[in-house]
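Open the model in your viewer and keep the selection panel at hand. The tour goes from the ligand site to the aromatic rings.

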Amino acid sequence: MMDVATDFFELPYEERTKLYSYNPYSPHLTLQYQNRTLRERLTHPADPIHDDYIHLLPENPPRYREVAAAYAKEITDLVCRLWGLISEGLGLETDYLQTRLRDMTKFHQTTNFYPPCLQPELSIGLPVHTDIGLITVLQQVQGVSGLQVIKDGKWLTVDPLPDAFIVNVAEQLEVMSNGRYKSVQHRAVTNQVLPRISIAIFSRLSEDAIIGPIDDLINEKQPSIYRNYRFEEFLKEIPKQMQTSWKIKQVFQLHPASSQHLEEERMLL
Ligand SMILES: O=C(O)CCC(=O)C(=O)O
Ligand SMILES: [Fe+2]
């Protein structure tokens, strides 16, 4: 996938921008070259079960459709296996998340291209955020670092490892696990010399999906942190909180004071 993604971003500007579209549900290219941000991203569905989208993928490079279809199949299978491990980690039946989520999960792929920047300290590839779905499977091009996560209030670089995927816990999994899995705050910085590519497959939910802590994880010692909400409600909060997406789930929190220490830690950034 990385090879065809690299070929795509090596296409001339006129060829890449054929994929400009205002419809977020069809494959589209977005250029983000303003407000210190330096990024192009190609986004499209990646769901072999729910979407009939292959004919909408880029025709160029010629192998893109075939490779992206196979990649979507492999990664969504991997996500289903990870759901099994996460369910077990939460003390639930192995197929709990798979049974509950598969029909209401939509996968999509974003390939990020960050051009080099002579003064990386003056720009950012992708500002700090948390992913909004369940989990994200990410791969980075070899040899160029850029992904950073926050650990103990400090930025930590996640260097690319050969043949390794990065799995990010995203917001809805933190809510469903009643805070046991923590969504990770991350960002991408630019490189002075080399361009960088990363490929993410996100799992999002259908808009009417009801999200909330899983009943079996709530008890007297661990009361529910969040109220139930429709995923649509979460999405509507995003434009209200541009650049601070990690605060969104607090809107659905039952006792906001309990997260105060987290808030204080985040204020350090
Ligand atoms: O480029 C990266 O490594 C991070 C990409 C990312 O976080 C995203 O697309 O949400
Ligand atoms: Fe992300």
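**Stop 1: the ligand shell**

Strand S10 is the element that gives the most to the shell around ligand 1, with 3 residues. Keep in mind throughout that this is a predicted model.

Select ligand 1 and then the residues that surround it: Asn112, Tyr114, Leu126, His129, Asp131, Leu138, Leu147, His186, Ala188, Arg196, Ser198 and Phe202. Colour them by type and the shell divides into 6 nonpolar, 4 polar and 2 charged residues.

Now show the oxygen atoms of ligand 1 and look for polar side-chain atoms. Take serine 198: an N or O atom of its side chain is 2.7 Å from a ligand 1 oxygen. Go on to histidine 186, where a polar side-chain atom lies 2.9 Å from an oxygen atom of ligand 1. Asparagine 112 is the next residue to pick, with a side-chain N or O atom 3.1 Å from an oxygen of ligand 1.

Switch on a surface for the protein. On its own, ligand 1 has 290 Å² of accessible area, and the protein covers 96% of it. Which elements give two or more residues to this shell? They are strands S3 (105-114), S4 (126-129), S9 (186-188) and S10 (196-205).

**Stop 2: the aromatic rings**

Hide the ligand and display the aromatic side chains; the structure holds 8 aromatic pairs. Begin with phenylalanine 9 and phenylalanine 113, a stacked pair with 5.0 Å centre to centre and 10° between the planes. Phenylalanine 9 belongs to helix H1 (residues 2-10) and phenylalanine 113 to strand S3, so the pair ties together parts that are 104 residues apart in sequence. Phenylalanine 9 counts as buried because its relative accessibility is 7%, and phenylalanine 113 is buried with a relative accessible area of 15%.

Next select phenylalanine 231 and phenylalanine 234. These rings also form a stacked pair, 6.2 Å centre to centre and 10° between the planes. Both residues lie in helix H6 (residues 231-237), 3 residues apart, about one turn of the helix. Are phenylalanine 231 and phenylalanine 234 buried or exposed? Both are buried.

Return to phenylalanine 9 and add its companions: ring pairs link Phe8, Phe9, Tyr64 and Phe113 into a cluster.

**Stop 3: the whole chain**

Zoom out and show the cartoon. The chain has 7 helices and 12 strands. Of its 269 residues, 51% count as buried. The accessible surface comes to about 14,000 Å², with 54% belonging to carbon and sulfur atoms. Among contacts with a separation of 6 or more, 70% are between residues 24 or more positions apart.

Terms used:
Residues are numbered from 1 along each chain as its sequence is written. Chains are lettered from A and ligands numbered from 1 in the order in which they are written. This is a predicted model: local features need pLDDT of at least 70, side-chain atom pairs count only at pLDDT 80 or more; totals for chains, interfaces and linings use all residues. Side-chain values use heavy atoms; hydrogens and water are left out. Helices (H or I, at least four residues) and strands (E, at least two) are DSSP runs, numbered from the N terminus. Buried means under 20% relative accessible area, exposed over 50%, partly exposed in between (1.4 Å probe, protein chains only). Contact means heavy atoms within 4.5 Å. Accessible areas come from the Shrake-Rupley method with a 1.4 Å probe; for residues, only the protein chains shown count as cover. A residue is near a molecule or strand if one of its heavy atoms lies within 4 Å of it. A polar contact is a pair of N or O atoms within 3.5 Å; within protein, one must be able to donate a hydrogen and the other to accept it, and residues adjacent in sequence count only if both atoms are side-chain atoms. Ala, Val, Leu, Ile, Met, Phe, Trp, Tyr, Cys and Pro count as nonpolar, Asp, Glu, Lys and Arg as charged, and the others, Gly among them, as polar. Rings of Phe, Tyr and Trp (its six-membered ring) pair if their centres lie within 6.5 Å; planes under 30 degrees apart count as stacked, over 60 as edge-to-face and the rest as tilted.
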